[in-house]
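Grab a viewer and work through these exercises one at a time. Try each task before you read its solution.

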Amino acid sequence: MNNSTSRWNAFLVPVIAVVLGILFGAVLMLLMGYDPILGYNLIFQGIFGSEYFLGETLRAVTPLIFAGLAVAFAFRTGLFNIGVEGQFIIGQLAAAWVGMSWDLPPGLHALAAVMVAMISSGLYAGFAGWLKARLGVHEVITTIMLNYIALFSANYIIRNFLKGQGERTADILPSASLTSEFLRTMFDGARVNWGLIIALILALVVWFLLWKTTRGYELRAVGFNPHASEYAGMNVKQNIILSMVISGMLAGAGGAADTLGVYGYMNISAGFTGIGFDGIAVALIGTNHPFGVILGALLFGGLSFGADNMQRVEGIPTESIRIVISMIIYFVAASAIVQSVLGYLRRRREVQAK
Amino acid sequence: MSMIDMLITIFSGTLIYATPLIFTALGGVFSERSGVVNIALEGLMVIGAFTAAVVTIWTGERMGISPALAPWLGVLAAMVAGMLFALLHAFASIDLRADQVVSGVALNFLAAGVAMFMVKKLFEGAGQTTTVQHAFSKFAIPGLSSIPLIGPGFFNVYALTYLAIILVAISWYVLYKTPFGLRLRAVGEHPAAADTVGVNVRRMRYMAVIISGGLAGIGGSALSIAISSSFQHATVSGHGFMALAAMIFGKWHPSGALGAALFFGFATALGVSGQVLGLTAYVPSELLNALPYLLTILALAGVVGRAEAPAANGKPYQKGSR
Amino acid sequence: GCGTSDNKDGGGAAGGDQGKKMNIAMVTDVGGIHDNSFNQAAWEGLTRAKEKLGVEVKVQESKRAEDYTPNLTSFVKSGTDLTWGIGFLMENDIKKVATENPDSHIGIIDSNLGGEIPKNVASVTFKEEEGSFLMGVLAGKMTKSNKVGFVGGVKFALIEKFEYGFKAGVKSVNPGAEVIVAYADAFDKPDKGSLLASQIYQQGADIIFHASGATGDGVFKEAVERGANHWVIGVDRDQSNLAPKNTLSSMVKRVDNAVYQVTEQLKNGKWSEVAGKNTVLGLKEDGVGYAPTTSTNTPQDVITLMDDYKKKIVAGEIKVPATAEAFNNFK
Amino acid sequence: MPAVVEMLGITKRFAGFTANDHINLVVEKGEIHALLGENGAGKSTLMNILFGLYQPDEGQIKIREKAVKITDPNMANDLGIGMVHQHFMLVEPFTVTENIVLGVEPTKGLKIDIAQAERKVSELSERYGLKVDPRARIKDISVGMQQRVEILKTLYRGAEILIFDEPTAVLTPQEIKELMEIMQNLVREGKTIIFITHKLKEIMAICDRVTIIRRGKYIDTVSINETNVDDLAAKMVGRHVSFTVEKTPPQPKGPVLEIRDLIVEGNRGVDALRGLSLEVKAGEILGVAGIEGNGQSELIEAITGLRKTKTGSIKLNGSEIQNQPPRKITERGVGHIPEDRHKRGLVLDYSIGENMVLQTYYKSPFAKTGVLQRNAIFEYARKLIKQFDVRTPSEDTPARALSGGNQQKGIIAREVDRNPDLLIAAQPTRGLDVGAIEFIHKKLVEQRDAGKAVLLLSLELDEILNVSDRIAVIYEGRIVGIVNPEETDHDQLGLMMAGGAKS
Ligand SMILES: Nc1ncnc2c1ncn2[C@@H]1O[C@H](COP(=O)(O)OP(=O)(O)OP(=O)(O)O)[C@@H](O)[C@H]1O
Ligand SMILES: Nc1ncnc2c1ncn2[C@@H]1O[C@H](COP(=O)(O)OP(=O)(O)OP(=O)(O)O)[C@@H](O)[C@H]1O
Ligand SMILES: [Mg+2]
Ligand SMILES: [Mg+2]
């Protein structure tokens, strides 16, 4: 009984935050001299106005689900992975490499590329986990550093080993593609692709892994209390490393989906895409729950993508939507007080019921 | 000549590159020593960088205040703006007992949104401020700067660089020698203990977070009106997170933060010299550009070892709770 | 003659109520509209088109590379008469959108789409190496230390055109001079730009040419810091305002003209003259050149020399190298 | 005698739950007044109200016969009230002096005048016989000294009324004796003391009067002269409590645990165990007596695989287990009730149900091919909760929300039910009330009677003497003697624990 209430709260709190954030955004637009009704209407149109927009929104949401899952997974096991950005890059790179240079039947090829990307990113993130487990180096620092290292080395590798025409890798073979003719036609040519389905499946996997398996039991226990976990016979170091590996794998799958599903190649990049940082926001809006992450990504991705329509049509700056999103996160943080009061009331009720 | 010249530029490059990091990491030390995790450093720097640029332009170019004074007004304004912005973090973390990471992430997004939005408003839709005409220039301490090697290396940097180093000393004194510092650290280690001896936990944490905002604001100003001379979306890009790393690397200690910031600066300057010296013929430039990040990981793995955060860091304090 | 593709999924995107006015739109790359560089220049061209040609203009900034396609598509599908994509980064997106929407008109700057240009696309590229060559001539002539520097943003082929053009120019007039080359690996890190410049100057160079976007702001700042006899050469547009006393010249690239002219062609019904092919703008076409403010700090004899070289290049007597390979074969 | 503290009709509710329900407490000047009650009876809450940490919902407080409203600890300080908290309020990385002056720092210019502070701390320390080193860091000193620092903190602030909330739960017998003396010194100096403890003997030994509360309600205030231990226990729990552990003579069989010449390094880099040898037989409870810090923790950690050994052997049922991973050792039949239940014993954020399978979650029937069987786990948890009388609203309640006593019962349930050949119980009753203690002792004896080996470590001599079948005395990392509980007493054990020879 108390579990369902806590689930209800976990759902309610972000919803209230979203409503408050959107109201705040309306006030902001008014202050700026724009019509908020029109603004939000344009955002709405920019998402749902056509199959194409809807499809592209989903395409924009897809990497955010992966990144959000990666961050949330680490958070759930007591780690702060700021390195999703870099792990995503590694995933893109590995997928591009497999996609362009292996020769496998369709489907299998794509699968292999995704797997290799996941493994590469997993190992890459696992290095940060290893440093933490073995040497006690704070994962926040190492993952920040590894972001830059990933960016520079990916550029180097593309330039020197994978170069295609232009500033990018060669094209992946069609057999490795994650594009879906079915989804394309359904969404009027939008680039929504199998990556979205992979993301949703991974959300389910993460949920199952964390809460339904013995491994998840260990991973979360180690995050909550490493001393008790050690006492209970769990291998704390191994679990820390594993947690980073899995988090990195989720990010890597996102990178692979991006390369194989949207572009079919990887660009040399002059800077970060920000996917990793947006993933932190998505995870937090989704209260670090895999299903919350999906909703958070839909919200974040939808608002950002829809906001472009607002700029296109009325010239309303997209920054206003960044501000709305930030206020939503802020309210998620602030509404912790609502949550704690609700939770406390519940506990007391239970003690009394005894 | 080269060797000496190289050292000179590496030293002064180190100091200059480190300057914004020192301020900001120092800010992080105050906040986290009081028990409030501050992921918002990046956003605070953005606000500081933006405010400093705007105020310096306004006072120096539009109001005609003396070019020597205008950038200092910019720094002051950046500090105040950082403090005000930090209030949002303080309010969420302390009064609302919010998850401090969440609040910090929110403020990073907010800062970026607000600053860019304001730039567009203030500069006729432009994506960056105009060039700050009266930005800080390097400043040679007479006498000291003419010492060979050391002089041009260490004593030809921005006034803000000296300020940063002085502030490290002051922060150390404040944190480790004064009642204020003792209370601030107590609140970050064991707020209930501080509370029971009459230390106002809420007030201490508010002050710490506000100080942190002020310092990060100054750190931001160093980027926009000393090292470069404008504000745009990329002025801060990642320095706040590097400062966060420097704070942790420096074990939440002012001199540690200084050391870590200098280390980053040094490694960056080293990578740059590698390129300038033509090492790119043997080593890819990407590797040289990645050098500071690689060296940091090596240093952390090899030398520095485990660092303990303040015990109550990140934990909201509620009177009477256990 | 502009195709009026029907507007069934406009989704609020304006179709233009006056009916007659032509709609021109542009999509920036991730640099954004106010990048002090080609996006901004393109927008200036469009703004001029609005004033002089009476067209409606709109802009959409891209946050991520993934946004190029939907941004272009939205404009194309909402019946925009000409949609510009600014920057080679979106060459593949342009190709795709153009093929999927054969009735649309699309323009792209800085890419020839690898030579396969769809019928409905007008592409424009520049001979940056030619403009950069003149900067090399200037630097090679004016250096007192026989050392000059080049700061690049990211090692894209496009930026290498600047590098090798510049080096060739230096070599032509001053074979003994050394060119120090460094890349920031970023277009948006002024702090790194100033660090790079500081070291290059400290190495004894007295002139730095940059092709590094906002990173270059730091190069200017460093020159200002160092004062007299530390020179910068700007890029893309006249950048002398960043350091009036330290700027020798800027290699201007007339993206604005390109955008304006292609738009004008469309307006005047001469779309077919530019469509389906690449227009290359070099010194000859005044697509690249040096800024008028060059004379402020550069002596007339050097400018004259630059003009001489310009003539030779225009006449085809000098073939300016744009790649490492070409440069190595260049004498 | 005039009353210095009068708490009248105090009621305190926490979100609908009444922790204090019209409690009266009248303390006279110069007395040591005990406050007695079960775990969770509301003692700490009442004292926190007096100290200004909580505000009462109803009732009145008078200090020195004047009605006051104590809104925060500063105000309590001003009224001369000082409190030594149940959970120490000390900043671990700080020095003794820094902790003492925190909030009332003497200054010289901007700077804390640390020299002056140290002088004053030394003075006070000497005057009350407290023996603390003003420069030591809290994290480096013993629990007993930490407690004295807490006392100094109140004295430094000039407290006249001192509240001691369960100060003896964590002290060694020697330290307890010293504390008693200190308390008597304080009273002689004219101070008044409110003393909370679960140890009735201590109350009888030192207090003047005692106020008893039960489940938040006031029961009685009696003078020590008019009462006795059994009476107090009955008043407190509401039923008769037996203090003597009922048990039949042991029937020891072959050795289950054999330790030979064990050398283990402690946290500070010096050897904490220096050639320790020990044997525990099936069907016996071996008590290990010793002053804290003589290697007890290291001994347990070495046996359970939580700490590496240097040399020597640990054999369980004849095979060596030293330096094996904890999981292996657990699976070979070792149960462990850890001394720090929050640090080791529980994942506080997990439900009590999930905590019940902390070592067995991966085994059938709790898991099948790596998938948790929630129903099996919670069914099992319900069984244990019932069997061990763990008071919790449900098996789905976070362990954090349970009281210390019930958390401890949960751990014991888990460890006992795994049916280990060797059960290690470290401080199993620390901080618990007499009712809970009785229960736990009974469980230990049951294990013994079921033919298991039980290794009991306790700082509580009474517990050791009552429960053990044999007593091993540990001193400086060695067993310095084995004695029979029937043939020894506090004094002899005390002497051995201090390194004196076996008589
Ligand atoms: N901060 C709090 N919030 C909610 N309930 C509380 C709080 N503090 C105490 N309680 C409730 O009040 C009751 C009394 O707690 P208190 O700590 O006063 O007990 P106690 O008598 O000191 O117990 P012990 O002997 O274990 O120390 C507890 O059962 C608990 O449920
Ligand atoms: N964080 C918390 N959340 C909810 N209730 C709590 C919390 N901490 C304590 N309590 C309540 O307070 C009561 C008393 O707690 P307290 O820690 O004083 O217990 P205790 O028996 O003294 O245990 P300990 O041995 O840890 O001192 C418990 O019954 C519990 O219900
Ligand atoms: Mg208590
Ligand atoms: Mg207790």
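A residue is buried under 20% relative accessible area, exposed over 50% and partly exposed in between, with a 1.4 Å probe and protein chains only. Helices (H or I, at least four residues) and strands (E, at least two) are DSSP runs, numbered from the N terminus. The model is predicted, so local features need pLDDT of at least 70 and side-chain atom pairs 80 or more, while totals for chains, interfaces and linings use all residues. Residues are numbered from 1 along each chain as its sequence is written, chains are lettered from A and ligands numbered from 1 in the order in which they are written, and side-chain values use heavy atoms, with hydrogens and water left out.

**Exercise 1. Place strand β4 of chain C among its neighbours.**

Step 1: check the faces. In β4(C), residues 106-109, C:Ile106 and C:Ile108 are buried on one side, and C:Gly107 and C:Ile109 are buried on the other.

Step 2: find the partners (two strands pair if DSSP finds at least two bridges between them). Strand β3(C), residues 82-86, runs parallel to β4(C), with four bridges joining them. Strand β5(C), residues 121-126, also pairs with β4(C) in the parallel sense, over four bridges.

Step 3: zoom in on C:Gly107. Its bridge partner in β3(C) is C:Trp84, and in β5(C) the partner is C:Ala122.

Step 4: get the handedness. A crossover is right-handed if, with the strands pointing away from the viewer, the path from the first strand over the helix to the second runs clockwise. That's the label for the β-α-β unit made by β3(C), helix α3(C) (residues 91-100) and β4(C).

**Exercise 2. Classify two aromatic pairs.**

Step 1: set the cut-offs. Rings of Phe, Tyr and Trp (its six-membered ring) pair if their centres lie within 6.5 Å; planes under 30 degrees apart are stacked, over 60 edge-to-face, and the rest tilted. Over all chains, the search of the whole structure gives 36 aromatic pairs.

Step 2: take A:Tyr217 and D:Tyr361. Their centres are 4.6 Å apart with 25° between the planes, a stacked pair. This one crosses between chains: A:Tyr217 is in helix α9(A), residues 214-224, and D:Tyr361 is in the loop between α12 (352-355) and β19 (367-368) of chain D. A:Tyr217 is buried, at 1% relative accessible area, and D:Tyr361 is buried too, at 0%.

Step 3: now A:Tyr263 and A:Tyr265. With centres 5.2 Å apart and planes at 40°, this pair is tilted. Both A:Tyr263 and A:Tyr265 are buried.

Step 4: go back to the cross-chain pair and follow the ring links. A:Tyr217, A:Phe224, D:Tyr350, D:Tyr361 and D:Tyr362 form a cluster.

**Exercise 3. Describe the surroundings of D:Val467.**

Step 1: locate the residue. D:Val467 is in helix α16(D), residues 461-467, and is buried, with a relative accessible area of 0%.

Step 2: list the contacts (heavy atoms within 4.5 Å). Leaving aside neighbours within four places in sequence, D:Val467 touches D:Val245, D:Lys247, D:Ile285, D:His441, D:Leu444 and D:Leu456.

Step 3: take a distance. D:Leu456 is 11 residues from D:Val467 in sequence, and their C-alpha atoms are 8.6 Å apart.

**Exercise 4. Sum up chain A.**

Step 1: count elements. Chain A has 15 helices and zero strands.

Step 2: check burial. Of its 354 residues, 64% count as buried.

Step 3: look at the extent. The C-alpha atoms of chain A fill a box of roughly 70 × 60 × 35 Å along the principal axes.
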